[in-house]
Amino acid sequence: MREKRTKIKHVLSNEPLGESLTVMGWVRTKRASKSVAFIALNDGSSINNLQVVADAEKFGEELLRKITTGASISATGKLVESQGAGQTCELVAEQIEVFGEADPDKYPLQPKKHSLEFLREIAHLRPRTNTFSAVMRVRHALAFAVHQFFNEKEFFYINTPIITASDAEGAGETFHVTNFDLANVPKNDEGGVDYKQDFFEKEANLTVSGQLEGELAAMALSDIYTFGPTFRAENSNTTRHLAEFWMIEPEMAFYDLKDNMDLAEEMLKYLVKYALDNCADDLAFLEKRAADEDKNKPQNERAEMTLTERLRFVLENDFERVSYTEAIEILRNSKPNKKKKFSYVIEGWGADLQSEHERFLVEKHFKKPVILFDYPKDIKAFYMRQNDDEKTVGAMDILFPGIGEIVGGSQREERMDKLSQRMEEMDIPAEEMEWYLDTRRFGAVPHSGFGLGFERMILFVTGMGNIRDVIPFPRTPGNCEF
RNA sequence: UCCUCAGUAGCUCAGUUGGUUAGAGCAUCUGACUGUUAAUCAGAGGGUCGUUGGUUCGAGUCCAACCUGAGGAGCCA
């Protein structure tokens, strides 16, 4: 029988000096001299390692040889005050068991800095690095905080389908779901694909948003949220797009656009605060990592604030709320616009904002998170509520420095006539969406909701630069390994 | 998908205007060292220079195509 193990996090925080205990984990490095070996052991419970001291004579060359970077061991011994600098306590091993060796000639992780690009190629091993274990712990904390936030607000967590049949949501290219033998796809009389013979007897795809189903639930439970995977078959190759990502989509009955913005801002701040309160060690590590990386950049590209300063700044300041119309005026009168520094010069009202414009507003003009609202209806989705000016809809996007759009939402059009008119104008096939339209036919109420890109949030909180490094196994065009 | 840049040892990189046997640091291995902190010191092994084709007496270096990666744009969360 093995002794019960203690997680290293608790060993380091409680420091039960003099007690005998067992720890288990993976070896980060081993430093050996003739008489004694020092093993830096990490079990993922914390960014910090526990130093295990192994007497060379006691354990012998054969055992110590197996203890290499990446090997997994169990060590039992007494926790004592450390004789060396660098740690306050250490475990003097009386017993060591090697669970699994890691051939040093083949194990790709070394006790040195690796590039994020290299680690992406070994995504199955990268959680064993400081950076990725820290990111994953923060990711967990944020996911937990999402549920806690909504639970405190008496929202209900609902699960919307991952496989859907309607392609009418207009949120981008979809992945098809089929049971067909692709080498021999059944055809109908017109020569098209005969979906009647497929598993669902109709065309099906992976969801691009849980919003429409979320609205159905909100029309009964008042306040709901979804938190699930989302799929977009867009050929996007950027630091902030994934083909498979996680999205949080609250939907609230009786909320207007302002209520919606209030909730989104409160939620983002709650998540940031939760991370600051609960992930201090990991954030300190990530802050240092980001600062080191910054040193390699030219002066003008370096961050003005450290990671935690940035998080506190978001927490302590109101987001700037500006209407699309005001934003266009600001942009039109801005220096880069007048000097034609923008690739897309703002001529007038109605233009879609390019990311250079969003960056200008967030990073140069306001220097804080910005909520843009009341967009022209022609550049937004069919379900957004039409304003009385007949030009704009009650949409809102939250823009974060360095990330861009982190939240996109709107007040939904609850008036049947307005909605069906808009659907017709935008060629949305109503016959596929009767179930959705029923919410407008029966007991329609004003309601609102938004979508928060979970990985984009993690990007902001961890200070990482590429969305592929904040999800364990990223799916992007041409990449579906692991 | 478009634009730009990159691909040299396990990793991170250097390699002059094309010119003999392609280098460094780290990692690995061997040895030294009574407590180290990405330990230190000494030595060793390790390369079809992304792929294919071309120019040339001669290509890591020049040209073309392709592959892979990164950054930016678009799409968006």
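Domain bounds here come from an automatic or database domain assignment. The model is predicted: local features need pLDDT of at least 70 and side-chain atom pairs pLDDT 80 or more, while totals for chains, interfaces and linings use all residues. Residues are numbered from 1 along each chain as its sequence is written, chains are lettered from A in the order in which they are written, and side-chain values use heavy atoms, without hydrogens and water.

**Exercise 1. State the domains of chain A and describe how they are placed.**

Step 1. The assignment gives domain 1 (8-111) and domain 2 (128-173 + 208-469).
Step 2. Their C-alpha centres are 44 Å apart.
Step 3. Ten residues of domain 1 and nine residues of domain 2 form the contact, where contact means heavy atoms within 4.5 Å.

**Exercise 2. Locate the second largest pocket and describe its lining.**

Step 1. On a 1 Å grid over the protein atoms alone, a pocket is an open set of points where a 1.4 Å probe fits, with protein on both sides within 12 Å along at least five of seven lines; lining residues have an atom within 4 Å of a point.
Step 2. The volume, the space filled by probe spheres set on the points, is about 760 Å³.
Step 3. Of 28 lining residues, Lys112, Lys113, Thr129, Asn130 and Phe285 are the closest to the centre.
Step 4. Helices (H or I, at least four residues) and strands (E, at least two) are DSSP runs numbered from the N terminus. Strand S1 (20-32) and helices H3 (116-121), H4 (130-152) and H7 (280-295) each give two or more residues, and H7 gives the most, five.
Step 5. Both domain 1 and domain 2 contribute to the lining, so the pocket lies between them.

**Exercise 3. Describe the packing of helix H9 (residues 324-332) and helix H11 (residues 355-365).**

Step 1. With axes fitted to C-alpha atoms over the stretch in contact, and angles running from 0 to 180 degrees between N-to-C directions, the axes come within 11 Å and cross at roughly 80°.
Step 2. H9 is therefore roughly perpendicular to H11, a class that covers 65 to 115 degrees.
Step 3. Ala327, Ile330 and Leu331 of H9 meet His357, Phe360, Leu361 and His365 of H11.

Technical notes
Parallel < 35°, antiparallel > 145°, perpendicular 65-115°, else oblique.
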